[in-house]
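Trainee: I've got the sequence and the fold open side by side. Mind if I throw some questions at you while we look?

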Amino acid sequence: MGLLGEKASPQKAERALDVLRVTVALLILIHGAFRLVAGGVAPFGVWLESQGFPMGFAWALAVTLFELVGPVLMLARRWTSLAALGHAAILTLGMVLVHMPFGWFVVGAGRNGMEYSVILIVSLLTIAWAYWPERRRAA
């Protein structure tokens, strides 16, 4: 037994990581699909330009497409680490630009804060770490 209690068995840890990977991928996929279907790409592009990003529509479209393709790759366990790192980067920028000025709390003691972004970013970094390819050592 460790300092914080017993470790999870490798089988349980692997299943738990699968649940995390699938859940996070679906959350991101739904986010991108909604933006695309609801006509939110163009307004997102306008907002990006208002924040100083050149070619806002192109960036908004790229982010939206990544939110559609990246989660599918994560669900299929293909380039999982790269997809997770890409999403973590996008969410980190969004957290800094949008949520950080509102503080920590999403609801309750605040509104529109960064706590949800932090848990998604940590989850994505955990997924990226877990699926990062092992280096083979020469014999």
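Trainee: Let's start in the middle of things: in which helix does Ser123 lie?

Mentor: Bear in mind that this is a predicted model. Look for the helix made up of residues 115-131. Ser123 sits in that stretch, and the helix is H5.

Trainee: Is Ser123 buried or exposed?

Mentor: Its relative accessible area is 10%. Anything under 20% counts as buried. At 10%, therefore, Ser123 is buried.

Trainee: Which residues is Ser123 in contact with, leaving aside its neighbours within four places in sequence?

Mentor: Look across to H1, since Ser123 is listed among the H5 residues that meet H1. With the sequence neighbours set aside, the contacts of Ser123 are Leu20 and Val24.

Trainee: And how do H1 and H5 cross, in handedness and in class of angle?

Mentor: Their axes come within 10 Å and cross at roughly 125 degrees. The crossing of H1 and H5 is left-handed. An angle over 145 would count as roughly antiparallel, and 65 to 115 as roughly perpendicular. The angle here fits neither class, so H1 is oblique to H5.

Trainee: How do the residues of the contact of H1 with H5 divide by type?

Mentor: From H1 come Leu17, Asp18, Leu20, Arg21, Val24, Leu27 and Ile28. They meet Tyr116, Leu120, Ser123, Leu124, Thr126, Ile127, Ala130 and Tyr131 in H5. Sorted by type, the residues are 11 nonpolar, 2 polar and 2 charged.

Trainee: Staying with Thr126, how far is its C-alpha atom from that of Leu20?

Mentor: Thr126 is also in helix H5, and at 32% relative accessibility it counts as partly exposed. Along the chain, Thr126 and Leu20 are 106 residues apart. In space, their C-alpha atoms are separated by 9.3 Å.

Trainee: Now the other partner of H1: is H1 roughly parallel or roughly antiparallel to H3?

Mentor: H1 covers residues 10-37 and H3 covers residues 56-75. Their axes come within 8 Å and cross at roughly 150 degrees. Over 145 counts as roughly antiparallel, so H1 is, relative to H3, roughly antiparallel.

Trainee: What is the handedness of that H1 and H3 crossing, and how do its contact residues divide?

Mentor: The crossing of H1 and H3 is left-handed. On the H1 side the contact includes Val22, Leu29 and Gly32, and on the H3 side Val63, Glu67 and Pro71 are among the residues. The residues of the contact divide into 13 nonpolar, 3 polar and 3 charged.

Trainee: What about aromatic pairs: how are the rings of Phe44 and Trp47 arranged?

Mentor: Both residues lie in helix H2 (residues 41-50), 3 residues apart, about one turn of the helix. Their ring centres are 6.5 Å apart and the planes are at 20 degrees. Planes under 30 degrees apart are the cut-off, so the pair of Phe44 and Trp47 is stacked.

Trainee: Is Leu82 buried or exposed?

Mentor: Leu82 is placed in helix H4. Not counting residues up to four places away in sequence, Leu82 touches Phe66 and Trp132. Even so, its relative accessibility is 52%. Exposed means over 50%, so Leu82 is exposed.

Trainee: Which loop holds Arg77, and what is its phi?

Mentor: Arg77 is in the loop between H3 and helix H4 (80-99). With a relative accessible area of 42%, Arg77 is partly exposed. Its phi is positive in a residue other than glycine, near 55 degrees.

Trainee: And what is the phi of Asn112?

Mentor: Asn112 is in the loop between H4 and H5, and at 29% relative accessibility it is partly exposed. It is not a glycine, yet its phi is positive, at about 65 degrees.

Trainee: Last one, zooming out: what pattern does the protein follow along the sequence?

Mentor: The secondary structure comes to 5 helices and 0 strands. Of the 139 residues, 26% count as buried, and the C-alpha trace spans about 50 × 40 × 30 Å along its principal axes. Read along the sequence, the pattern is α-α-α-α-α.

Methods:
Residues numbered from 1 in each chain as written. Predicted model: local features only at pLDDT ≥ 70, side-chain atom pairs only at ≥ 80, totals over all residues. Heavy atoms only, no water. Axes fitted to C-alpha atoms, helices over the stretch in contact; angles between N-to-C directions. Helix = DSSP H or I, 4+ residues; strand = E, 2+ residues; numbered from the N terminus. Parallel < 35°, antiparallel > 145°, perpendicular 65-115°, else oblique. Left-handed = near helix turned anticlockwise from the far one by under 90°. Contact = heavy atoms within 4.5 Å. Nonpolar A, V, L, I, M, F, W, Y, C, P; charged D, E, K, R; others polar. Buried < 20%, exposed > 50% of the residue type's maximum accessible area, 1.4 Å probe, protein only. Phe/Tyr/Trp six-rings, centres within 6.5 Å; stacked < 30°, edge-to-face > 60°.
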